[in-house]
Amino acid sequence: MDVFSHIKSVIGIILGLSIAKLLQGTVKLVQHPGRTKPYWVHLAWALYIFLLLTHFWWWEYRLKDLSGWTFQAYFFIILFITMYFTLCALLFPDDVKDYDDQWSEYFYSRKKWFFGVLAATFVADILDTLLKGNDYFLKATWEYPVRNSVHFVLCIVAMFVSSRKFHSALVILFILYELSYILRLFDFLT
């Protein structure tokens, strides 16, 4: 087994667990609709994270071109992927009984953690792109660093803003932008 196959296996396991966590949490709401009160903003963030996971999984295929793997690079990739699993676990804990079974109460009580980890993923994404090489990083359009910078700043702001209107608008903006970004990045529109 070559090094990339080994790394790809670990990536697949952690990303698979992340997607499973999102799917289990969402399906549990359908299976037991009377147990907890769903909150559409929380579910929209779950959709957004699903989009990010799918995008990440596809994009990381480019790691195959990386030669000279080191333990440090491997460890960084594992930490990066673990951030996504953490986001999924934050979105869907084992229960929300401490929050009167209300997903909205749970979500806002954990927003600093959620948006802090999400902000960290945008920084890690830049490092991940640099890991693929300077030439690779320079091929990225101006949109890539602007996207990550703006998302990072908005996540930091979201950690401290309690307005539900703000959070509603933010999740819609993030989903629409991510869909647009994926469609343009992978030439769906041409």
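Trainee: What percentage of the 190 residues in the protein chain is buried?
Mentor: The model is predicted, so local features need pLDDT of at least 70 and side-chain atom pairs count only at pLDDT 80 or more, whereas totals for chains, interfaces and linings use all residues. Numbering starts from 1 along each chain as its sequence is written, and side-chain values rest on heavy atoms, with hydrogens and water left out. If buried means under 20% relative accessible area, exposed over 50% and partly exposed in between, with a 1.4 Å probe and protein chains only, then the buried share of the 190 residues is 43%.

Trainee: How many helices does the protein chain have?
Mentor: Secondary structure is taken from DSSP runs numbered from the N terminus, where helices are H or I over at least four residues and strands are E over at least two. Read along the sequence, the pattern is α-α-α-α-α-α-α-α. With 0 strands in the protein chain, the number of helices is 8.

Trainee: What radius of gyration does the protein chain have?
Mentor: The C-alpha atoms fill a box of roughly 50 × 35 × 35 Å along the principal axes. The radius of gyration is likewise taken over C-alpha atoms, and the globule rule is 2.2 Å times the number of residues to the power 0.38. For 190 residues a compact globule would come near 16 Å, and the chain agrees with this, having 17 Å.

Trainee: Which helix supplies the largest share of the largest nonpolar core?
Mentor: A nonpolar core is a set of buried Ala, Val, Leu, Ile, Met, Phe, Trp, Tyr and Cys residues joined through side-chain atoms within 4.5 Å, and the largest one here has 52 residues, with W45, Y48, I49, L91, F114, F115 and L118 making the most contacts inside it. At least two of its residues come from each of α1 (3-31), α2 (40-59), α3 (71-91), α4 (103-109), α5 (111-131), α7 (143-160) and α8 (164-185). The largest share, 11 residues, is supplied by α3.

Trainee: Which residues does L118 touch, not counting those up to four places away in sequence?
Mentor: L118 is among the residues with the most contacts inside the largest nonpolar core, and contact means heavy atoms within 4.5 Å. With residues up to four places away in sequence not counted, the partners of L118 are W45, Y48, I49, L52, L87, C155 and F174.

Trainee: Is D100 buried or exposed?
Mentor: D100 lies in the loop between α3 and α4, and it has a positive phi of about 55° although it is not a glycine. D101 is found in the loop between α3 and α4 too; its phi is near 55°, and its 28% relative accessibility makes it partly exposed. For D100 the relative accessibility is 64%, which means that it counts as exposed.

Trainee: How far apart in space are I182 and L52, C-alpha to C-alpha?
Mentor: I182 belongs to helix α8 and counts as buried because its relative accessibility is 14%. Although their positions lie 130 residues apart in sequence, the C-alpha separation of I182 and L52 is 9.5 Å.

Trainee: Which residues is F186 in contact with, leaving aside its neighbours within four places in sequence?
Mentor: F186 is placed in the segment after α8. Its C-alpha atom is separated by 9.9 Å from that of W59, a residue 127 residues away along the chain. Once neighbours within four places in sequence are left aside, the residues in contact with F186 are H55, W58 and W59.
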